[in-house]
Amino acid sequence: MISNVPPEFNVDISDRKCVKCKRCTKECGFDALSYSKEFDCIIADDSKCVACHRCVTFCPKNAITIRENQLAYKNNYNFTASVRKNIQKQANTGGILLTAMGNDRPYPIYWDHMLIDACQVTNPSIDPLREPMELRTYIGRKPDSLEFETVDGKLKLKTRIGPNIKIDVPVVFAAMSYGSVSYNVHKSLMKAAQNCGTLMNTGEGGLHKDFYEYKDNVIVQCASGRFGVHGDYLNAGAAIEIKVGQGAKPGIGGHLPGEKVDEEVSKTRMIPQGSDAISPAPHHDIYSIEDLSQLIYALKEATEYKKPISVKVAAVHNIAAICSGIVRAGADIVTIDGFRGGTGAAPLVIRDNVGIPIELALAAVDDRLRKEGIRNHASIICGGGIRHSGDVIKAIALGADAVMIGTSALVALGCRVCQKCNTGKCSWGIATQKPHLTARLDPEEGALRLTNLLNGWSHEIQEVLGALGVNSLESLRGNRERLRGIGLDEKTLEILGIKPAGR
Ligand code: SF4
Ligand code: SF4
């Protein structure tokens with residue numbers, strides 16, 4: 001059937017500026033640009049353009065302009081252009097609409113409705129350039145109390161403290177699997193995590209054998225498909241994460257198309273080359289908190305109780321009760337992924353309509369764990385739409401121990417959030433396994449860009465801590481008194497546990 005969906009974008013090539021070097025035709029991963037010998041010019045196929053801006057960035061003459069194709073649809077607030085386009089697409093194919101990256105619908109972003117306090121007259125602020133500011137964070141279970149004993153006349157700690165991981169900045173890289181992203185992306189993330197004293201997360205695709213040397217900076221994931229999970233893998237990470245849910249697609253499994261399963265991905269995932277990697281919606285051995293507890297303790301046994309175990313869930317209704325159960329099941333870290341979290345591929349209907357914002361989920365979970373007296377039993381890592389250091393500070397004040405970033409990290413690597421990762425054609429060499437595209441990302445440069453990003457955020461966090469008059473993140477963690485809400489209704493303020501601005 002011939003598609004009757006108008007192109008999303010128009011690509012204009014300026015005749016006046018173009019020198020016909022043909023670079024743009026090579027840069028476009030989506031084959032939207034070609035050279036016509038007959039007309040001696042560059043021809044754009046608008047229907048293939050995804051606005052990834054690779055051609056625009058690399059055109060030496062600034063000859064390319066990409067515009068949204070706004071005139072294709074008559075304005076309608078109800079049946080918007082995207083609603084009509086999606087109906088037409090489904091009428092063409094009869095299939096599920098797939099998309100990638102995070103929810104981009106105009107739901108409220110509560111981070112932007114929270115403001116941070118600052119010291120003024122009676123409580124002095126601190127100058128972070130002159131005073132040490134502590135961003136170090138320990139991730140893992142903390143004891144309820146400490147007991148000491150005297151051995152040979154010396155005071156010694158009697159309480160056995162479970163495994164904790166020290167991170168130097170309260171930001172870790174979110175789970176992105178090898179297969180959904182390229183080898184060079186994983187290498188960039190690992191090197192940057194090592195440089196910054198933090199963690200990256202393998203996602204559900206296993207750990208390439210080349211990367212075992214980064215083990216102190218890696219969280220290894222154990223998801224429902226168990227791709228790449230074996231004894232050496234579990235012992236190769238600093239922590240293990242059981243992935244139950246993902247913010248972009250709560251309640252459903254994952255699907256890596258066979259085209260992305262090349263030889264290296266197949267070896268790492270332990271699946272045949274070219275076969276679809278489908279992870280089921282549930283773990284087939286988890287149907288209760290008791291089952292989850294069994295898996296947590298099986299993983300602790302397998303790693304001799306040396307590594308903290310995280311359980312990752314999507315932020316959904318009743319998230320506080322879910323996380324309480326997870327902590328009581330023995331998890332050392334609860335990782336909560338909000339509904340703006342990214343993905344390599346997800347059904348549009350799930351990504352845009354299922355789940356809740358991380359701000360509300362985080363506040364509800366921290367509140368519940370405190371009220372139940374078990375907040376110290378697990379660290380909270382949250383993510384799903386963390387965009388800058390301001391979001392990080394607000395998350396810490398709402399109760400997070402650390403945040404995770406996926407989309408922000410990929411943007412630092414060059415991603416333009418064109419939301420076409422599911423096609424495997426990423427022009428920036430990120431969400432693809434095509435060798436001519438993956439070669440575009442230099443892992444050394446990628447690691448440097450990510451390191452710069454985290455260093456920049458660290459400086460900014462220190463500035464804000466100084467303004468708040470505290471010299472460590474620990475003093476801000478869960479301190480909601482230092483936040484105020486603006487433009488929020490009473491119920492939302494109550495859930496967030498903050499006062500309105502002016503109070
Ligand atoms: S890269 Fe720019 S100058 Fe070169 S052919 Fe394409 S549009 Fe023309
Ligand atoms: S990773 Fe690549 S395909 Fe995915 S949104 Fe970013 S630029 Fe687009």
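I call a residue buried if 20 or more other C-beta atoms lie within 10 Å of its own, exposed if 12 or fewer, and partly exposed in between, with C-beta atoms placed from the backbone. With that in hand I started at Cys55, which has 26 C-beta neighbours inside 10 Å and so counts as buried.

**Ground rules**

I am working on a predicted model, in which local features need pLDDT of at least 70, side-chain atom pairs count only at pLDDT 80 or more, and totals for chains, interfaces and linings use all residues. Residues are numbered from 1 along each chain as its sequence is written, while chains are lettered from A and ligands numbered from 1 in the order in which they are written. Helices (H or I, at least four residues) and strands (E, at least two) are DSSP runs, numbered from the N terminus.

**Entry 1: Cys28 and Cys55**

I found Cys55 in helix α2. For contacts I ask that two C-beta atoms, placed from the backbone, lie within 7 Å. Setting aside residues up to four places away in sequence, Cys55 touches Cys24, Glu27, Cys28, Leu33 and Ile64.

Cys28 came next, in the loop between α1 and β2 (33–36). Cys28 is buried too, with 23 other C-beta atoms within 10 Å. Beyond its neighbours within four places in sequence, Cys28 is in contact with Leu33, Arg54, Cys55 and Ser427.

I then checked the record: UniProt, in an unreviewed entry, places the feature "binding site" at Cys28, Cys49, Cys52 and Cys55. These cysteines span 28 residues in sequence, yet no two of their C-alpha atoms are more than 10.3 Å apart, so they gather at one spot. A note to self: UniProt positions are given in the numbering used here, feature names are shortened, and annotations may be inferred rather than shown by experiment.

**Entry 2: Cys18 and Cys59**

The unreviewed UniProt entry also places "binding site" at Cys18, Cys21, Cys24 and Cys59. Here the span is 42 residues in sequence, but no two of the C-alpha atoms are more than 10.4 Å apart, so this group gathers at one spot.

I looked at two members. Cys18 sits in the loop between β1 (9–13) and α1 (23–27), and counts as partly exposed because it has 16 C-beta neighbours inside 10 Å. Not counting residues up to four places away in sequence, Cys18 touches Ile13, Ile42, Lys61 and Ala63.

Cys59 lies in the loop between α2 (54–58) and β4 (64–68). With 21 C-beta neighbours inside 10 Å, Cys59 is buried. On the same contact rule, leaving out residues up to four places away in sequence, Cys59 touches Arg23, Cys24 and Ile64.

**Entry 3: the two ligands**

Which residues come closest to ligand 1? I get Cys18, Cys21, Arg23, Cys24 and Cys59, out of 14 that surround ligand 1. A residue is near a molecule or strand if its C-beta atom, placed from the backbone, lies within 6 Å of it. The shell of ligand 1 divides into ten nonpolar, no polar and four charged residues. My classes are Ala, Val, Leu, Ile, Met, Phe, Trp, Tyr, Cys and Pro as nonpolar, Asp, Glu, Lys and Arg as charged, and the others, Gly among them, as polar.

Around ligand 2 I find 15 residues, with Cys415, Cys418, Cys421, Cys426 and Ile430 nearest. That shell holds twelve nonpolar, one polar and two charged residues.

**Entry 4: helix α10**

Helix α10 (residues 358–371) has 14 residues and reaches 20 Å from its first C-alpha to its last, close to the 20 Å expected at 1.5 Å a residue; the expected span is 1.5 Å times one less than the number of residues. Among the buried residues of α10 are Ile358, Leu362, Val365 and Leu369. Their cover includes α8 (319–328), β18 (333–337), β20 (379–383), α11 (389–398) and α15 (490–496). Just after α10, Gly373 takes a positive phi of about 70 degrees.

**Entry 5: two sheets**

I count two strands as paired if DSSP finds at least two bridges between them. Eight strands form an open sheet with parallel pairing, in the order β11-β21-β20-β18-β17-β14-β13-β12. Its edge strands, each paired on one side only, are β11 (171–173) and β12 (200–201). β11 pairs with β21 (residues 402–405) in the parallel sense over three bridges, and Val171 stands opposite Val403 in β21.

The other open sheet has three strands, β6-β22-β23, with mixed pairing. β6 (114–116) and β23 (499–500) are its edges. β22 (residues 483–485) and β23 pair in the parallel sense over two bridges, and Arg484 has Lys499 in β23 as its bridge partner.
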